[in-house]
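Here are my notes from going through this one, set down as numbered points. Have the structure open while you read.

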Amino acid sequence: AVTILLGAVGLVLLIACVNVANLTLVRAQGREREIAVRAAIGASRWRIARTLVAESLVLAVLGAVGGLMVGRWAIDAIVAVAPDGFPRLGQVHLDWRVMGFTVAVTALAVVLFGVMPSLRASQANLHDGLRAGAVSAGRGRGRDVLVVAEVALALMLTVGAGLLLRSLGQLRNLELGYQPTGTVVLDLDLTADRYRDHDRRIQLVRETESLIRELPGVVSVGTTRALPLESGGPDSEFDVVGRADTDGNARGWAFYTPVSAGYHRAIGANLRAGRFLSDADDSRSAPMVVVINEAAAKQYWPGQSPLGARIRFSPDQEAEIVGVVADLRQRNLAEPIRPAIFVPFAHAPQIQLAMVVRVEADPGAILPALRRSVWTVDPSLPIEHWSMADLMAAATSRPRFNAVLLGLFAGLAVLLAVVGVYGVISFGVSLRRREIGVRMALGAGRGDVIGMVVRKGVFLAAVGAVAGLVGALLAGQLLGRLLFGVSPADPVTLAGAVLAVTVAIVAASVIPARRAAAGRVTDLIRGE
């Protein structure tokens with residue numbers, strides 16, 4: 001993800017440099033008469049080039065300083081909204097290396113995209129330069145090529161941002177198998193020496209759940225070792241009792257998750273077959289029963305009901321399957337669902353527990369009562385709390401952060417492309433003012449003039465869109481590991497990106513076209 005974001009920054013920088021080169025060419029061509037006059041009165045080409053380079057250097061330095069100032073603010077903003085666990089986030093800051101990199105990039109941009117156009121402008125033909133309105137067709141084509149490159153690069157970033165946004169939407173719309181809203185999660189740490197005994201852990205959970213269950217507004221309460229989207233629990237191997245080894249499906253693996261009787265009701269899990277675990281099951285003296293998820297049922301009992309089947313974890317631990325629940329997203333949203341087995345907490349009491357409480361009203365309002373219930377049983381027990389909705393938000397925070405950042409880069413790229421197109425079209429209109437005036441004098445209407453100007457913008461946008469689509473399809477393969485449920489060649493995203501960029505480019509062409517069409521014919525013919 002960091003590498004892709006770095007690539008996005010590089011594309012934005014490249015677009016900015018192309019834009020600078022284009023606008024520098026436009027500016028230099030607009031000053032051809034001035035440059036020709038300087039040359040005519042004795043200025044050497046080196047002196048003219050030096051003057052133009054100095055102007056570019058001043059602009060570059062001002063831009064670099066402004067960029068560093070904005071970057072300092074942007075770093076704080078990015079760190080503030082970045083998800084927890086983002087790699088090396090605490091090390092993000094401005095230092096001498098960043099300053100040196102900025103200076104190096106600025107110098108390179110000045111040389112490649114400021115000096116070269118300036119040197120080219122200084123070598124302009126003296127005779128053509130002194131002729132008012134002389135235009136070099138070759139330079140016009142060069143500007144058009146740069147505009148096409150800007151549009152193509154902007155479209156590539158827009159497609160990338162669109163793919164990440166579509167992927168984020170797919171993640172958010174996944175079937176979770178439970179209801180995360182209306183819950184409070186209490187994190188219980190039973191690592192103290194007094195909880196080394198299994199019976200003490202079982203007693204704490206039972207007494208605490210009993211007190212919480214009596215609180216007004218509590219719908220259900222349950223305890224688990226591993227919450228959805230947090231951890232699937234350790235893997236456990238089991239044998240299907242009564243199934244011959246020759247079947248190839250007599251031994252299996254699944255997440256092994258101890259839960260109390262009320263857990264599945266507390267998280268709002270969907271029951272597919274059989275029943276949930278009951279209080280009678282959650283006893284060390286009771287026969288061991290388990291609940292499995294749909295993935296386990298489909299993998300180890302395909303085409304048949306697993307209810308009543310027996311599985312063996314060890315020679316002295318055998319259990320009957322009494323229920324099947326909907327698949328729960330276990331470690332993260334994008335990971336494929338794996339088989340899971342939920343066993344009664346009393347048969348495998350753990351020291352790291354999460355107690356889930358489902359409430360009718362505002363979960364925050366019941367927190368003090370929940371703490372009192374826990375501390376009634378053990379006043380020294382440390383408690384942390386959150387909600388299952390927080391887990392869902394955390395699970396989508398990294399994809400959301402990537403999509404937002406790439407979306408900002410794409411928006412900046414489109415803005416730069418629009419500025420570039422606007423500058424080129426405006427300059428082209430200024431060179432054709434006499435032609436436009438003559439056309440209007442001969443009967444051309446405002447719509448004809450606007451259409452003539454806009455057609456060029458549409459042409460540049462179309463060529464840039466084709467090139468950008470090819471680049472986006474190639475670059476989309478790099479995004480494959482960050483996408484979920486979306487193809488790098490997703491037609492909806494590609495069409496939307498092309499439409500958005502094309503509309504922006506056409507809008508940038510309309511403004512100078514309308515301004516030219518609004519001018520008076522006599523002023524246009526005089527070139528004013």
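**Notes on the model**

1. Starting at the surface: Leu23, Leu412, Leu415 and Val419 make up a nonpolar patch there, with a joint accessible area of about 310 Å². Keep in mind that this is a predicted model. Helix α11, residues 388-431, is the biggest contributor to the patch, giving 3 residues. Leu415 is one of the patch members, and it sits in helix α11.

2. Helix α11 turns up again at the second largest pocket, where it provides 6 residues, the largest share of the lining. That pocket has a volume of about 380 Å³. Its lining runs to 19 residues, and those nearest the centre are Leu171, Asn332, Ala334, Ala395 and Pro399. Helix α6 (137-172) is also in the picture: α6 and α11 each supply at least two of the lining residues.

3. Now for strand β10. Why call β10 largely enclosed by the rest of the structure? Of the 8 residues in this strand (352-359), 7 are buried, so the rest of the structure largely encloses it. Buried here means under 20% relative accessible area.

4. Strand β10 has partners worth tracing. Strand β1 (residues 183-189) runs antiparallel to β10, and 7 bridges join the two. Within that pairing, Val185 is opposite Val356 of β10. Strand β2 (residues 218-224) is antiparallel to β10 as well, joined to it by 6 bridges. Here Thr224 faces Ala354 in β10.

5. On to charges: the salt-bridge count is 15. Take Arg166 and Asp490, whose closest N and O atoms are 3.1 Å apart. Arg166 belongs to helix α6 and Asp490 to the loop between α13 (446-476) and α14 (491-517), so this salt bridge ties together parts that are 324 residues apart in sequence. Are the two ends buried or exposed? Arg166 is partly exposed, at 34% relative accessible area, whereas Asp490 counts as buried at 9%.

6. Next comes the pair Arg338 and Asp235, a side-chain salt bridge with an N to O distance of 2.9 Å. Arg338 lies in the loop between β8 (317-325) and β9 (340-344), while Asp235 is in strand β3 (residues 235-240), so the contact links parts that are 103 residues apart in sequence. Arg338 counts as partly exposed, with 26% relative accessibility. Asp235 is also partly exposed, at 37%.

7. Strand β3 has a further salt bridge to look at, from Glu237 to Arg251 (3.3 Å, N to O). Glu237 is in strand β3 and Arg251 in strand β4 (residues 251-259), so the pair ties together parts that are 14 residues apart in sequence. Glu237 is partly exposed, with 31% relative accessible area. Arg251, at 51%, is exposed; the cut-off for that class is over 50%.

8. One last item on charges. Which residues are joined into one network by salt bridges that share partners? They are Arg310, Arg312, Glu318 and Glu320.

Methods. Residues numbered from 1 in each chain as written. Predicted model: local features only at pLDDT ≥ 70, side-chain atom pairs only at ≥ 80, totals over all residues. Heavy atoms only, no water. Buried < 20%, exposed > 50% of the residue type's maximum accessible area, 1.4 Å probe, protein only. Helix = DSSP H or I, 4+ residues; strand = E, 2+ residues; numbered from the N terminus. Pairing = 2+ DSSP bridges. Patch = residues over 30% accessible without salt bridge, like charges linked within 9 Å, V, L, I, M, F, W, Y side chains within 5 Å. Areas by Shrake-Rupley, 256 points an atom, 1.4 Å probe, with all protein chains shown as cover. Salt bridge = Lys/Arg side-chain N within 4 Å of Asp/Glu carboxyl O. 1 Å grid on protein atoms, 1.4 Å probe; cavity = no way out; pocket = protein on both sides within 12 Å on 5 of 7 lines; lining within 4 Å. Points joined across faces, edges and corners; volume = space filled by probe spheres on them.
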